[in-house]
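User: Please take a close look at a single strand in this model. Walk me through its partners and its surroundings.

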Amino acid sequence: MADEGEKTVKRVCVTGAAGYIGLWLVKDLLQRDYTVNATLRDPGDKRKSGSLLDLARAEDRLKLFQPDLLKEGSFDSTVEE
């Protein structure tokens, strides 16, 4: 059991984070001090990732991932970190 002074990291994975619902979910989770691992088809596409990266607290608490649904194990790092 953690001491009361220790802070527990709350981490979640949001798939389809660039979609309408995903974006609002990520925003809400960041506001609630969660660390978010978010999946996108192309994190390099600033039209999709830009909205996520501009959210408050995203710089410290948001990680973007690009798993491949057709490749076994590609989501492992997304949900383990």
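Analyst: Thr39 in strand β2 has Phe65 as its bridge partner in β3. That is one point of contact between two paired strands in this predicted model. Strand β3 covers residues 62-65. β2 and β3 run parallel, and 4 bridges join them.

Now turn to β1, residues 11-14. This strand also pairs with β2 in the parallel sense, again over 4 bridges. Here Cys13 of β1 has Asn37 of β2 as its bridge partner. So β2 pairs with β1 and with β3, since two strands count as paired if there are at least two bridges between them.

How does the chain get from β1 to β2? Helix α1, residues 20-31, belongs to the link: β1, α1 and β2 form a right-handed β-α-β unit. Along the sequence, the whole chain reads β-α-β-α-α-β-α. That gives 4 helices and 3 strands.

Next, the side chains of β2. In a regular strand, side chains alternate between the two faces of the sheet. Thr35, Asn37 and Thr39 point one way, while Val36 and Ala38 point the other way. Are these residues buried or exposed? All of them are buried. Strand β2, residues 35-39, is thus mostly covered, with 5 of its 5 residues buried. Buried here means under 20% relative accessible area.

Set that against the whole chain. Of its 81 residues, 30% count as buried. Contacts across long stretches of sequence matter to the count too: among contacts with a separation of 6 or more, 57% join residues 24 or more positions apart.

Note on methods
Residues numbered from 1 in each chain as written. Predicted model: local features only at pLDDT ≥ 70, side-chain atom pairs only at ≥ 80, totals over all residues. Heavy atoms only, no water. Buried < 20%, exposed > 50% of the residue type's maximum accessible area, 1.4 Å probe, protein only. Contact = heavy atoms within 4.5 Å. Right-handed = clockwise from strand over helix to strand, strands pointing away.
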